[in-house]
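Hi,

Here is the structure I promised to pass on. Have a look at it first, and then read my notes below.

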Amino acid sequence: MADQEVPHATFDTILILDFGSQYTHLLTRRLREINVYSEMLPCTQKIADLPFKPKGIILSGGPYSVYEDGAPHADPAVFDLGVPILGICYGLQEIAYRLGKDNVDAGTEREYGHADLHAKRLDDQGHVDKLFAGLEGQIKVWMSHGDKLVKLPTDFHTIATTSNSPYAGIAHQTKPLYGVQFHPEVTHTPLGATILKNFAVDICGAQQNWTMSRFVDQEIARIRKLVGENDHVLGAVSGGVDSTVAAKLMKEAIGDRFHAVLVNNGCMRLNECDIVEETLNKHLGINLTVVDASKRFLDGLKGVSEPEKKRKFIGNTFIDVFEEEAQKIEAEAEHQGAKIKWFLQGTLYPDVIESISFKGPSATIKTHHNVGGLPQRMIDGQGMRLIEPLRELFKDEVRALGRQLGIAHELVMRHPFPGPGIAIRVLGEVTPERVEIARRADHIFISMIREAGLYDQIAQAYAALDPSKAVGVMGDKRVYAEIIILRAVETTDFMTARAFPFDNEFLSRCSTRIINEVHGVSRVLYDISSKPPATIEME
C-alpha cells in the first residue's frame, strides 16, 4: 500500500467513527476549526488495527436503527480503550443499546428540525457537567431522529432534555462517557461548536495545535525523512490549487529533486498548459515538463460514455504517461545516480471519503481519478511509491496551506479542476469536437464570472455539455444543436454545496454569449441542484 501521511503522530487526534450520517464529515470540520486534529474512520474499524491511540472518540449519527438485524455496531474494544467517548444521535443509541436492548425503541414522536434543549447546570451529584459547561439553561439544537432512548442506561444520569426526548443528553456517573440525541456539528445548532470544544479540549484534553504553520514544518520534515537524501519525486500537476500547493510543498522540502509534470490529456481548459507553465516555472520556481498526450487520451476515449470507465481509463493512462516520463528523467540524470522512486499526488480528504466503500454503512459515490484509478502495480509498490501530503486536508485547509507557503492569492483561490478534465464534463462520448464546445463555453462562463467580481465568492464553476441535443431557431432556420449546462456552487469543504444564486440577468447574458460565440449550441441551462443529492461534477 502507498505510504500515507500520519498527522496523528504529531497532533492530538479525536477519532470519529462513521455510522453513515450525512453530517459525519462536519464533525471533522468543526473540530479542525477549533485547531483540534480529527480523523474519520468507518464504524467497522477494529481497535486492534488502529495505528494510533486517540485522545477521544466520537460515535456519529446514522440512518439505521440499532435494534434492526444488520445494523452497524462499533467494535466492543472501543469502550475498553480508556478514552472519553461521545455518542451523537445513533451514537447515543449505540451506547445505550449495548448496555440494555430495551433502552432504545422506535420513537412515538419523530423529531426533525429545531428543538429547545434544556441543559442541566449540575449533574445528579451536584457537580457542574463538563459537556454543557457555559451552556446551562435553554439552547437551540437540531434534531434528526425517529428512534430515541426510552430508558436511562444503568449508571448514567440525564444532563439535557427536550419535550420529545427525556434523555437528550446523558453522562456516565464515573466514566467520561457521554451521549446526545441532537447534532452539535451542524450550523443549525448555534452553540454546537462550544459543546464539541468542551468534549475535545476540556474532557479529552486534546491540545489545540492543529495549525497550518505547524503542519508545514511537520510535513516538510516528514517528506525529507521519507524521501531520503538521494531519491527524486515526480509530481503530477494540473494547474489547480491542490496540485500547485502539493508541488510547492515538495519543492520546499527537496528542491530540485522534485520534477513536476503536466500531462495534456486533450481535455484541458482553454490555454491551460501555457498558463500552468507560466505559473509554476516563473512564479514558483518549479521545473515543469509538459507532455502532450492528447491524441493518446482522446483515441482511448472513443466510444466510452460510462463515467466510471472514463475515470478508470484516464487514471490508468495518466500513470502510464508519468511512469514513461520518469524513465526519461532518470535516463537524463543517470550520471548523477538519480532515481525516481516517488509519485506525488494532490489527493484531498473529501476524495478519500467519497472513494472508499466501507463494508458497513457507507457507500461509494464515485471513483476519484487520484484515489480509485491507480494501477495495481503502483498500489502494490511495484512501481513508484505514492506520496500524498494533502491527503488529510479539506479544500479550505489546502488554501490556508498555500497562503502559508507564500502562493499568490489568485492561485490559491483558483477553482478546482478535476484530473480527468473536461472529459467528465462532456456527458456521454468524449470527442475532440465535443470537448472544444465545452472548453469554449467554459471559458466564456468563467470570464464573465471574473468580470462580474464573483469569482472568489464561488467555490467551483464550469460549463458542461449535455449528451442530448435540442431544437432551436437560428437565422429563421430550425436547428438541432447542443445543450450547455452551467454549474456554480458555494461550499467550504466540498462535501456539501449549494448552487450559487446568480441573478437572471447575468445568466441571460451568459446564455446569449455562449449561443452566439460557440458554434453548435442552441440552448443553455443552469443547474440549481445542491450536494447532496447531486455531486459537484456531472460525472
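Which helix is V241 found in? V241 sits in α5, the helix that covers residues 241-254. Before I go further, please keep in mind that this is a predicted model.

I began with V241 because the UniProt annotation "binding site" covers S238, G239, G240, V241, D242, S243 and T244, V241 being one of the set. The entry is an unreviewed one. From this set, G239 and T244 are part of the lining of the second largest cavity.

Is V241 buried or exposed? With a relative accessible area of 2%, V241 is buried, since anything under 20% counts as such. Once you set aside the neighbours within four places in sequence, V241 has contacts with K395, V398, R399, L411, V412 and R414.

T244 is also in helix α5, and at 5% relative accessible area T244 is buried as well. Which residues does T244 touch beyond its neighbours within four places in sequence? They are G239, L280, L284 and I407. So one of the T244 contacts, G239, belongs to the annotated set too.

Now for the sheet. Five strands make up an open sheet, and the order is β12-β11-β10-β13-β14 with parallel pairing. The edges are taken by β12 (288-292) and β14 (385-387); each has a single partner strand, which means that one side of each has no neighbour in the sheet. On average, neighbouring strands here are turned by 35° against each other, direction ignored.

How many bridges join β13 to β14? Three, with β13 (residues 339-344) and β14 running parallel. If you want a place to zoom in, W342 stands opposite R385 in β14.

Then there is helix α4 (residues 212-227), which lies across β10 (231-236), β13 and β14. The angle between α4 and β14 is about 170°. Within α4 you will find E219. E219 is buried, at 1% relative accessibility, and its side chain makes a polar contact with the side chain of R222, at 2.7 Å.

If you open the model, I would go through it in this order: the annotated stretch with V241 and T244, then the edge strand β14, and then E219 in α4.

Cheers

Methods:
Residues are numbered from 1 along each chain as its sequence is written. This is a predicted model: local features need pLDDT of at least 70, side-chain atom pairs count only at pLDDT 80 or more; totals for chains, interfaces and linings use all residues. Side-chain values use heavy atoms; hydrogens and water are left out. UniProt positions are given in the numbering used here, feature names are shortened, and annotations may be inferred rather than shown by experiment. On a 1 Å grid over the protein atoms alone, a cavity is a set of points where a 1.4 Å probe fits but cannot get out, and a pocket is an open set with protein on both sides within 12 Å along at least five of seven lines; lining residues have an atom within 4 Å of a point. Helices (H or I, at least four residues) and strands (E, at least two) are DSSP runs, numbered from the N terminus. Buried means under 20% relative accessible area, exposed over 50%, partly exposed in between (1.4 Å probe, protein chains only). Contact means heavy atoms within 4.5 Å. Two strands pair if DSSP finds at least two bridges between them. Axes are lines fitted to C-alpha atoms, for helices over the stretch in contact, and angles run from 0 to 180 degrees between N-to-C directions. A polar contact is a pair of N or O atoms within 3.5 Å; within protein, one must be able to donate a hydrogen and the other to accept it, and residues adjacent in sequence count only if both atoms are side-chain atoms.
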